[in-house]
Amino acid sequence: MAPETSKLDVPARLKDVELIERVLRPKIAGEALDDDVAHLFHYADLYSATPEELVVDHPRGPRNNWYFLSHEHYRGGRKLLRRHHHGGWWRPCTRMEVVGDNGLVGYRRYNFYMVNKVKTKWVMIEYSVPQDQQEEGEEMVLCKMRKYGRHSRRVRARTV
């Protein structure tokens, strides 16, 4: 019997394409996630709390990452609002990168959490699908967050 390929391999590293195709797209379509991975993905407003506040009540996923589903925040339909009332914000450090080897699957953007113009150790990768593939007013993103410590690999990202 061939192994089932529709399920995510939870202990393994979740690939960018899998995150978009098997998690983000079904959630945008209003579908439920498979029971074996649903506990890894939490709903949160990522732009209204600090990373420490977000992760305190949620278990880590594979490879010490936290996974969140959130609605995008726009001002006048133009720019993402990434600030919140605690004085911190998510600063994009890369341009939107295309995800998918054989055509566009979605986008990925790296963000650092900043406080008082100082970069913290928190990194977030924000995954999205093209806007024409989302319901208007229901734009959703999937975010993978991680706190890098002193002995962690450094994140290499191009500055915008």
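## Confidence along the chain

Let's start where the predictor is unsure: across residues 151-160 the pLDDT (the predictor's confidence in each residue, from 0 to 100) stays under 50. For this stretch the model has 17 contacts (heavy atoms within 4.5 Å) beyond four places in sequence. This is a predicted model, in which local features need pLDDT of at least 70 and side-chain atom pairs count only at pLDDT 80 or more, while totals for chains, interfaces and linings use all residues. Residues are numbered from 1 along each chain as its sequence is written, and side-chain values use heavy atoms, with hydrogens and water left out.

The average pLDDT of the protein is 78, and 74% of the residues score at least 70. Residues 1-6 have a pLDDT below 50, and beyond near neighbours in sequence this stretch has three contacts in the model. Helices (H or I, at least four residues) and strands (E, at least two) are DSSP runs, numbered from the N terminus. Among these elements, the highest mean pLDDT, 93, belongs to strand β8 (residues 118-128), and the lowest, 50, to strand β3 (residues 74-75).

## Salt bridges around Arg 108

How many salt bridges does the structure hold? There are three, where a salt bridge is a side-chain nitrogen of Lys or Arg within 4 Å of a carboxyl oxygen of Asp or Glu. One of them joins the side chains of Arg 108 and Asp 16, at 2.2 Å from N to O. Because Arg 108 belongs to strand β7 (residues 106-115) and Asp 16 to helix α1 (residues 16-28), this pair ties together parts that are 92 residues apart in sequence.

Arg 108 also meets the side chain of Glu 97 in a salt bridge, with an N to O distance of 2.9 Å. Glu 97 lies in strand β6 (residues 97-99) and Arg 108 in strand β7, so here the parts tied together are 11 residues apart in sequence. Asp 16, Glu 97 and Arg 108 are thus linked in a network of salt bridges. Arg 108 and Asp 16 are buried (under 20% relative accessible area; exposed is over 50%, partly exposed in between, with a 1.4 Å probe and protein chains only), and Glu 97 is buried too.

## A pair within helix α1

Glu 18 and Arg 22 form a salt bridge whose closest N and O atoms are 3.8 Å apart. Both residues sit in helix α1, four residues apart, or about one turn of the helix. Glu 18 is partly exposed, at a relative accessible area of 22%, and Arg 22 is partly exposed as well, at 32%.

## Paired strands and Ser 128

Two strands pair if DSSP finds at least two bridges between them. Strands β7 and β8 run antiparallel and are joined by eight bridges. They form a hairpin with two residues between them, and Asn 116 in the turn has a positive phi of about 50 degrees. On its other pairing, β8 runs antiparallel to strand β9 (residues 140-147), with six bridges between them; Met 124 has Met 145 in β9 as its bridge partner.

Ser 128 lies in strand β8, where it is the bridge partner of Tyr 107. Is Ser 128 buried or exposed? Ser 128 is buried, with a relative accessible area of 4%. Outside its neighbours within four places in sequence, Ser 128 has contacts that include Ile 20, Leu 24, Met 96 and Val 141.

## Cysteines

The structure holds zero disulfides (pairs of cysteine sulfur atoms within 2.5 Å). Cys 93 is buried, with a relative accessible area of 5%, and Cys 143 is buried at 0%.
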